[in-house]
Amino acid sequence: MPFRSPRRSPGRSLVIGVVGIVLLAGIVVLVFPAALGVLGTAGSVVGSLLPWLALLLVPVAGVALGSRSKRLAVGSLAFAAAWAFAILPGVLTPDAPGSPELTVVTENVEAANEDPAATARSIAARTPDVIALEELTESSGTAVAGVLDERYPHHYRVGSIGVWSRTTLSGGEPLTLGLGWARALRVTVDTDRGDVRLYVVHMDSLRLGGEDGRPTMLASLATAVRDDDSERLVVAGDFNGGSKDPEMLPLTRMLDEGGGFGFTWPAQAPVVRIDHVFVRGLDTTSTEVLPANGSDHRGVQVGLRG
């Protein structure tokens with residue numbers, strides 16, 4: 001009697017097939033995050049959480065071992081390689097050598113912050129050259145100004161966005177970024193190495209199934225940055241999304257960001273990096289996520305030179 005291999009269980013085949021499809025989808029979005037754009041806001045959420053896709057390997061490895069599937073084993077290796085290709089270059093980006101010539105802190109203060117003055121003091125204690133704050137209310141803005149104005153005599157504020165600087169600010173202007181009101185600003189910072197154009201932004205929140213002005217804002221910001229001929233440029237603020245968010249890609253492809261995961265939200269147990277400092281014409285010598293200080297976001301401090 002000829003030997004016959006045992007029939008493959010239909011349930012086993014179904015599990016292998018489903019897991020294989022999940023792995024393939026993960027590989028596609030890791031290597032081509034722009035593909036997530038077809039999902040709209042949901043795609044932005046997934047793109048912002050891409051670093052956490054590595055956790056998918058844990059259950060997949062279990063299924064692969066339990067089913068003894070060579071296909072899943074190969075798929076797992078391909079997925080791991082895709083994750084490393086997509087995530088590790090940004091995480092392991094080395095700092096530029098040398099001491100910083102300009103230090104910048106950005107933080108969303110949070111409108112419901114019970115003690116915005118304490119938040120401002122904790123930032124000022126680090127003595128950065130420039131402080132960019134978002135989500136200031138009328139009362140919190142007054143409290144923050146009371147802390148920062150003396151130590152940072154040059155300041156410019158547009159609505160809920162404010163900048164405090166040790167050196168001269170000039171050419172400040174509000175930016176609506178396609179909305180009906182200003183939710184961003186642009187200003188020139190005078191430094192020892194020359195002018196630095198600074199954009200400070202607070203993007204609209206991600207809203208599943210609701211009105212979302214964020215794509216319009218990001219597209220408008222990308223156009224403004226592309227058209228800006230400044231030699232040195234910094235774009236900082238609360239983007240409400242990660243750098244792999246497909247809506248962010250037109251902007252992030254033109255700019256650089258310091259390395260590290262740098263999760264900033266929520267402050268007590270950060271799981272996603274939605275606060276960023278992007279640069280052009282400058283090297284990043286250091287990137288640090290600040291300790292929690294009363295806001296629901298953690299601030300980001302970068303050292304720059306160039």
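Reader: How much space lies in the second largest pocket?

Author: This is a predicted model, so the value is computed from predicted atoms. The second largest pocket holds about 310 Å³ of space.

Reader: Which residues are closest to the centre of the second largest pocket?

Author: The lining of this pocket has 20 residues. They divide into eight nonpolar, eight polar and four charged. Closest to the centre are Leu206, Asn240, Trp265, Val272 and Ile274.

Reader: Which element gives the most to the lining of the second largest pocket?

Author: Look for the helix that supplies three residues of this lining. That helix is α2.

Reader: How much space lies in the largest pocket?

Author: Its lining has 28 residues. Ala86, Gly90, Ser243, Lys244 and Glu257 lie nearest its centre. The space in the largest pocket is about 590 Å³.

Reader: Which element gives the most to the lining of the largest pocket?

Author: Several elements each supply at least two residues, among them α2 (41–48), α8 (249–252), β9 (256–257) and β10 (275–280). One helix gives the most, with six residues. That helix is α4.

Reader: How many residues of the lining of the largest pocket are charged?

Author: Sort the lining by residue class. The nonpolar group has 13 and the polar group has ten. The charged residues number five.

Reader: Where do the buried residues of α2 sit around its axis?

Author: The buried residues are Thr41, Gly43, Ser44, Gly47 and Ser48. They cover an arc of only 155 degrees around the axis, so they lie on the same side of α2.

Reader: Which helix do the buried residues of α2 pack against?

Author: Start from the buried residues of α2, which include Thr41 and Ser48. Their packing partner spans residues 214–227. That partner is α7.

Reader: Why do the buried residues of α3 line one face of the helix?

Author: Helix α3 covers residues 57–67, and its buried residues are Val60, Ala64 and Ser67. Seen down the axis, these fall within a limited arc, so they line one face of α3. An α-helix has 3.6 residues a turn, so residues three or four places apart point the same way. The arc for α3 is 80 degrees.

Reader: Which exposed residues does the face of α3 turned away from its buried side carry?

Author: Take the two faces in turn. The buried residues pack against α1 (10–31) and α4 (70–91). The face turned away carries the exposed residues Val58, Leu65 and Gly66.

Reader: Which residue just after α3 takes a positive phi?

Author: Helix α3 ends at residue 67. Just after α3, phi is about 55 degrees. The residue is arginine 68.

Reader: Is arginine 71 buried or exposed?

Author: Arginine 71 lies in helix α4. Its relative accessible area is 69%. The cut-off for exposed is over 50%, so arginine 71 is exposed.

Reader: What separates the C-alpha atoms of arginine 71 and isoleucine 16?

Author: Along the chain, these two residues are 55 residues apart. In space, their C-alpha atoms are separated by 8.3 Å.

Reader: What share of the contacts with a separation of 6 or more comes from residues 24 or more positions apart?

Author: The chain has eight helices and twelve strands. Count its contacts with a separation of 6 or more. Residues 24 or more positions apart account for 64%.

Reader: What share of the residues in the protein chain is buried?

Author: The chain has 306 residues. Its accessible surface comes to about 14,700 Å², with 59% belonging to carbon and sulfur atoms. Buried residues make up 46%.

Technical notes
Residues numbered from 1 in each chain as written. Predicted model: local features only at pLDDT ≥ 70, side-chain atom pairs only at ≥ 80, totals over all residues. Heavy atoms only, no water. Buried < 20%, exposed > 50% of the residue type's maximum accessible area, 1.4 Å probe, protein only. Helix = DSSP H or I, 4+ residues; strand = E, 2+ residues; numbered from the N terminus. Arc of directions from axis to C-beta. Contact = heavy atoms within 4.5 Å. 1 Å grid on protein atoms, 1.4 Å probe; cavity = no way out; pocket = protein on both sides within 12 Å on 5 of 7 lines; lining within 4 Å. Points joined across faces, edges and corners; volume = space filled by probe spheres on them. Nonpolar A, V, L, I, M, F, W, Y, C, P; charged D, E, K, R; others polar. Areas by Shrake-Rupley, 256 points an atom, 1.4 Å probe, with all protein chains shown as cover.
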